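Biologist: Could you take me through this model step by step, giving the cut-off behind each term as we meet it?

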Amino acid sequence: MSAVTPRAYVIPVPIARVLSLMPASPRQFAFVTGLNLLLLRHLPEDVLEALEHRRLRIVVRDAGLDFDFELAQNRFAALSGHAKPDLCITANAYDFLLLTQKKVDPDTLFFSQRLAMEGDTELGVLVKNTLDAIELPILDAAMLSPSVLLARLRDTFKMHRS
């Protein structure tokens, strides 16, 4: 990971206004589907146990979006935004992208005040250390091709029907 923080990109306000108008349900569903397809398989069993029924919120500051979710029965599931989260992680979209691509260290963003974590400190450390321990970038452009995503989605549904 880079020790130097790349220059911050911020979503322009007019685009953020449009994004923030997206209905919560489809947005939440898309987010947890992405987590299940891209992240879930990288999480060790002990982390899955520690995250079980812990409420998490991701706030994408510059896009005006937030995502409330939990891990339930070894799957990420969307939550309504009414419950107070156990952990809230806030950053701009570009900084989240840098984190998922492992192009910047979370501590670097935290100390430059571009990433904030509020709530359960122990849970925050667990999430940070877990993401640091994943060796490959979580978000790799090759993983987002329609054929790869459809195959992974098909395999996920087969696994949960069994």
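Biologist: How far does helix α2 reach from its first C-alpha to its last?

Modeller: Helices are DSSP runs of H or I with at least four residues, strands are runs of E with at least two, and both are numbered from the N terminus. Helix α2 has 15 residues, and the expected span of a helix is 1.5 Å times one less than its number of residues. That expectation is 21 Å, and the reach of α2 is close to it, at 21 Å.

Biologist: Before we go on, what should I know about how the values were obtained?

Modeller: This is a predicted model, in which local features need pLDDT of at least 70 and side-chain atom pairs count only at pLDDT 80 or more, while totals for chains, interfaces and linings use all residues. Residues are numbered from 1 along each chain as its sequence is written, and side-chain values use heavy atoms, with hydrogens and water left out.

Biologist: Is Asn36 of helix α2 buried or exposed?

Modeller: Buried means under 20% relative accessible area and exposed over 50%, with partly exposed in between (1.4 Å probe, protein chains only). Asn36 lies in helix α2, and because its relative accessibility is 9%, Asn36 counts as buried.

Biologist: Which residues does Asn36 touch, leaving out those up to four places away in sequence?

Modeller: A contact means heavy atoms within 4.5 Å. With residues up to four places away not counted, Asn36 touches Arg75 and Phe76.

Biologist: With which residue does Arg27 form a salt bridge?

Modeller: A salt bridge is a side-chain nitrogen of Lys or Arg within 4 Å of a carboxyl oxygen of Asp or Glu, and a search of the whole structure finds eight of them. In this one the closest N and O atoms are 3.9 Å apart, and the pair links distant parts of the chain, since Arg27 is in helix α2 and its partner is in strand β2, 39 residues apart. Arg27 counts as buried because its relative accessibility is 11%, whereas its partner, at 33%, counts as partly exposed; that partner is Asp66.

Biologist: How far apart are the closest N and O atoms of Asp68 and Arg57?

Modeller: Asp68 is in strand β2 and Arg57 in strand β1, 11 residues apart. Asp68 counts as buried because its relative accessibility is 5%, and Arg57 counts as buried at 17%. They form a salt bridge whose closest N and O atoms are apart by 2.6 Å.

Biologist: Asp62 has no salt bridge, so which side chain of opposite charge is nearest to it?

Modeller: Lys and Arg count as positive and Asp and Glu as negative, with His and the chain ends not counted. Asp62, in the loop between β1 and β2, is buried, and its side chain reaches the backbone nitrogen of Ile11 at 2.7 Å. The backbone nitrogen of Ala93 lies 2.8 Å from a polar atom of the same side chain, that of Asp62. The nearest side chain of opposite charge is 7.0 Å from Asp62, and it belongs to Arg61.

Biologist: Which element gives the most residues to the largest nonpolar core?

Modeller: A nonpolar core is a set of buried Ala, Val, Leu, Ile, Met, Phe, Trp, Tyr and Cys residues joined through side-chain atoms within 4.5 Å. The largest has 31 residues, and those with the most contacts inside it are Leu43 and Phe76. Several elements each supply at least two residues, including α2, α3 and α6, but the one that gives the most, with four residues, is β2.

How values were computed
Polar contact = N/O pair within 3.5 Å; in protein donor to acceptor, adjacent residues only side chain to side chain.
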